[in-house]
Amino acid sequence: MGANMNPTMLLVTILFLSVMGFYMGRKRSYAVADKVGGINQLHSRPTYYGSLTALWCAIPALIVFCCWLLFESRIITDLVISGLPDNLKNLPPDHLNLLVNDIRNLVNGNIVSGEPSPLMANAADHYRALNATSHASLTVIVITIAIAGILVIQKTINPALRARNHVERVIKYILIACSTIAIFTTIGIVLSVLYEAVRFFKIVPLSGFLTGLEWSPQMAIRTDQVGSSGSFGVIPVFMGTMLISAIAMSVAVPIGLMSAIYLSEYANRTFRSIAKPLLEILAGIPTVVYGFFAALTVAPMIRNSGGIFGLDVSSESALAAGLVMGIMIIPFVSSLSDDVINAVPQALRDGAYALGATRSETIQHVVVPAALPGIVGSVLLAVSRAIGETMIVVMAAGMSANLTLNPLKTVTTVTVQIVALLVGDQEFDSPKTLAAFALGLMLFIVTLILNVVALIVVKKYREQYE
Amino acid sequence: MNDTNSIRNINIVKQGLAKRYRAEKRFRLYGVTAITASLVFLAFLFISISSSGYTAFQQTFICLTVNFDTETFGGDNVDTESISSANYQGIVKRSLSEMFPEVTSRQEKKVLNSMVSSGAAYNIRKMVLENPELVGTTQQVWVPADDDVDMLIKGHMDRNSPDSERRLSAQQIGWIETLEKDGNIRKQFNTIFFTSGDSREPELAGICGAAAGSFFTMLVTLILSFPIGVGAAVYLEEFAPKNRWTDLIEVNINNLAAVPSIVFGLLGLAVFLNFFGMPRSAPIVGGLVMTLMTLPVIIIASRAALKSVPPSIREAALGVGASQMQMVFHHVLPLALPGMLTGAIIGMARALGETAPLLMIGMVAFIVDIPGGLTDPSTALPVQIFLWADSPERAFLEKTSAAIMVLLTFLIAMNALAVILRKKFEKRW
């Protein structure tokens, strides 16, 4: 067997071994059963003995495989760094990062900036050698574990072995593990964003961040440069987000709500079955398409029509981004409101009709007030969607953080700034990149609060009529 | 007394009635207007994109009469080595000046040569490498024209506008008209768009690289998110005791479904790239981030599918002696599978159109090569759209719209598949 397999091959090998284990385990159980008088004497059906073998072959091997691959590159990098000469090893972390990147590029055969020095070539060879050793030992260890698993279970198979219970318990643990991934994701988000944000707040005080009126994250590259100390006041960015979201909501709420009311109260079955999926197409269009549309069609249109009225419209106006975002959000408002309006008991409507109210009066004075908490919940969810929306604003809104409420001017948003700070070449420890995580933390907290409130409101409302 | 009162009341009601009916009509009209407005917008979006994008499926080619004389290929001993290192740029230039012998000055020649794409030499080289017998012959070869010529032929550039507003000079337009007269310039189906990776030259740029990147990303997402999502749903719906722990999981899933996608990108950057040191711009990292993003969608849809399986099925299975695990895996799960698949397809469609998290993990680089594996640097279709949308050339505008059309086609196909699945397997118990 080749001592050095690539990870994909190794994965296939593990799966193959595990399939083999299944057949071996099943065969073994038949053999064991024959000695004691047929498979009726077995505790479980033969398939379960096979499955047990397969599981014990695959699971430990896969766990080792995944952990190994996750930590491999980190450990190898550390080893390569420790093998570097002292003058390089003691470089500041950001320089060291660049160096490591260059070495990695050399290893992968990519183009590197400048002629690689012999030192770098050495380091790259070291990296390659370690990588090969690591892969070889991984192959050996994983295959040994897999085969050992098969052999151990083969030994323990006997008629009294409660294979089914055993397999079912293992599967149940796997299912539990699947369901906890959601929790780990949340923890991962909170920890990663919080950790970097805390590092940022060590450089820029939290109070300055939350109350500052100026946002210009360009830091001085050299200490003697003037005027580019970087200022991180989040208010203009936050106001820009609010302005664009407000424009979006002023489009989405009336249109979405009226569509929902019409669809649930007036429209006949056929119209509903056609119009509803068509509306939902709006939610399925990728946001990058909306962004392209906003930047290339809507923004020039607004600019030109503004010109007719003698208004000075910026080519990256908040209005264009907000308008298109509003259209994207219509289906969120309409389908959620549709649900809550449908949940209003028919008896309330019948009561209003009996008093002589017209349909629109019933809707305005009975149905909508009754459904109001649910509608508010759906609007809150839509607001959180608007705040977190990225591509439309990245493509159609501007970069400069102006503190203005004029929808014809350029504003920037939290998501635009995160993208601007993190895309492209960056050093990971500068306040500039860390600021993106602080903004991300803010975004996460705001949307989380909105979602939790909205879910509670909607849930309370549902219980009221159930 | 009582009678006159009620008559007066009726009169009041009757007087107001017309007004109330008008209000009713108005209200109804608002509803119709709202729906029409959104549908008109939808139509406007589709029409505006396809009208600016459909021309990208054709491309302008120029016919060159290429003389593959033996001298260019090293004289007497023509071998693979000399073929691959021959001066193809020179061959193209020579055939152009043979076509327009009146062009003599250096400056003019340069302008003339710029009308053929820089990829022409590469195409001819590939042709000769595949078929070395061409050496020594003269062939008619169709090579891609420069994007400015392409724009003119497609009518995106006005021939009669003043020179300063055009990217082509009057002289160039004259040459193009000569070519048109001789039938040496034509539009043909744009295969380059579907078979090549990104390029700085609009006429050589294609979506194949981005599509391959999207494919690998989606592959990872599907392989991970579907089994994990179904597993989680099965546990929560069939096995989980009702306690605070499972409540916590449920709240978590609902919240994750509403976390902005860019935050998942931040997670990917901090955890997968910086902590675990995984490669930047790799589809595997993109797939992992997308998995975390689509999991809540798949879990929620799968739970709904499991809920719709009636309890009588479970009771019958348990009644004939199945264990709980057997009941779930042999009876409930197969019945719920179509619903789960529908949810998975919808989740995948959303992931396919997602851009923001991919920007965070570096899948925005300019990558010419078509990725061949899970760790090769690559982009994805929506990211390619984002990148091209930023390019100033008019020709990229058309490519962007065409790429959007391709992406939307995929999305519509996936959603249609989901609808068909639902229709076909939907069961009313």
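## A buried helix and its neighbours

The buried residues of helix 16 of chain B are Leu381(B), Pro382(B), Val383(B), Gln384(B), Ile385(B), Phe386(B), Leu387(B), Trp388(B) and Ala389(B). The model is predicted. This helix runs over residues 381-389, and 9 of its 9 residues are buried.

What covers helix 16 of chain B? Part of the cover comes from chain B itself, including helix 9 (208-239), helix 15 (356-360) and helix 17 (394-425). Chain A contributes too: helix 10 (287-308) and helix 14 (391-396) of chain A are among the covering elements.

**Chain B as a whole**

Chain B holds 17 helices and 3 strands. Some overall values follow.

| Property of chain B | Value |
|---|---|
| Radius of gyration | 32 Å |
| Span along the principal axes | about 110 × 75 × 40 Å |
| Buried share of the 429 residues | 43% |

How does the radius of gyration compare with that of a compact globule? A compact globule of 429 residues would have a value near 22 Å, but chain B has 32 Å. Contacts tell another part of the story. Among contacts in chain B with a separation of 6 or more, 78% join residues 24 or more positions apart.

**Where two chains cross**

Helix 9 of chain B, part of the cover of helix 16 of chain B, also packs against chain A. Its partner is helix 6 (residues 163-203) of chain A. The axes lie 7 Å apart, at an angle of about 105°. Angles of 65 to 115 degrees count as roughly perpendicular, so helix 6 of chain A and helix 9 of chain B are roughly perpendicular to each other.

Which residues make this contact? From helix 6 of chain A come Lys172(A), Ile174(A), Leu175(A), Ile176(A), Cys178(A), Ser179(A), Ile181(A) and Ala182(A). Helix 9 of chain B supplies Ile228(B), Gly231(B), Ala232(B), Val234(B), Tyr235(B), Leu236(B) and Phe239(B). By class, the contact has 12 nonpolar, 2 polar and 1 charged residues.

**Chain A: domains and one lysine**

Chain A is divided into domain 1 (7-161) and domain 2 (231-465). The centres of these two domains of chain A, taken over C-alpha atoms, are 47 Å apart.

Now take Lys460(A), which sits in helix 16 (residues 431-465) of chain A. Is Lys460(A) buried or exposed? A residue counts as exposed if 12 or fewer other C-beta atoms lie within 10 Å of its own. Lys460(A) has 12 such atoms within 10 Å, so Lys460(A) is exposed. Gly374(A) is 86 residues away from Lys460(A) along the chain, yet their C-alpha atoms are separated by 8.7 Å.

Definitions and conventions: Residues are numbered from 1 along each chain as its sequence is written. Chains are lettered from A and ligands numbered from 1 in the order in which they are written. This is a predicted model: local features need pLDDT of at least 70, side-chain atom pairs count only at pLDDT 80 or more; totals for chains, interfaces and linings use all residues. Helices (H or I, at least four residues) and strands (E, at least two) are DSSP runs, numbered from the N terminus. The radius of gyration is taken over C-alpha atoms; the globule rule is 2.2 Å times the number of residues to the power 0.38. A residue is buried if 20 or more other C-beta atoms lie within 10 Å of its own, exposed if 12 or fewer, and partly exposed in between; C-beta atoms are placed from the backbone. Two residues are in contact if their C-beta atoms, placed from the backbone, lie within 7 Å. Axes are lines fitted to C-alpha atoms, for helices over the stretch in contact, and angles run from 0 to 180 degrees between N-to-C directions. Angles under 35 degrees count as roughly parallel, over 145 as roughly antiparallel, 65 to 115 as roughly perpendicular and the rest as oblique. Ala, Val, Leu, Ile, Met, Phe, Trp, Tyr, Cys and Pro count as nonpolar, Asp, Glu, Lys and Arg as charged, and the others, Gly among them, as polar. Domain bounds come from an automatic or database domain assignment.
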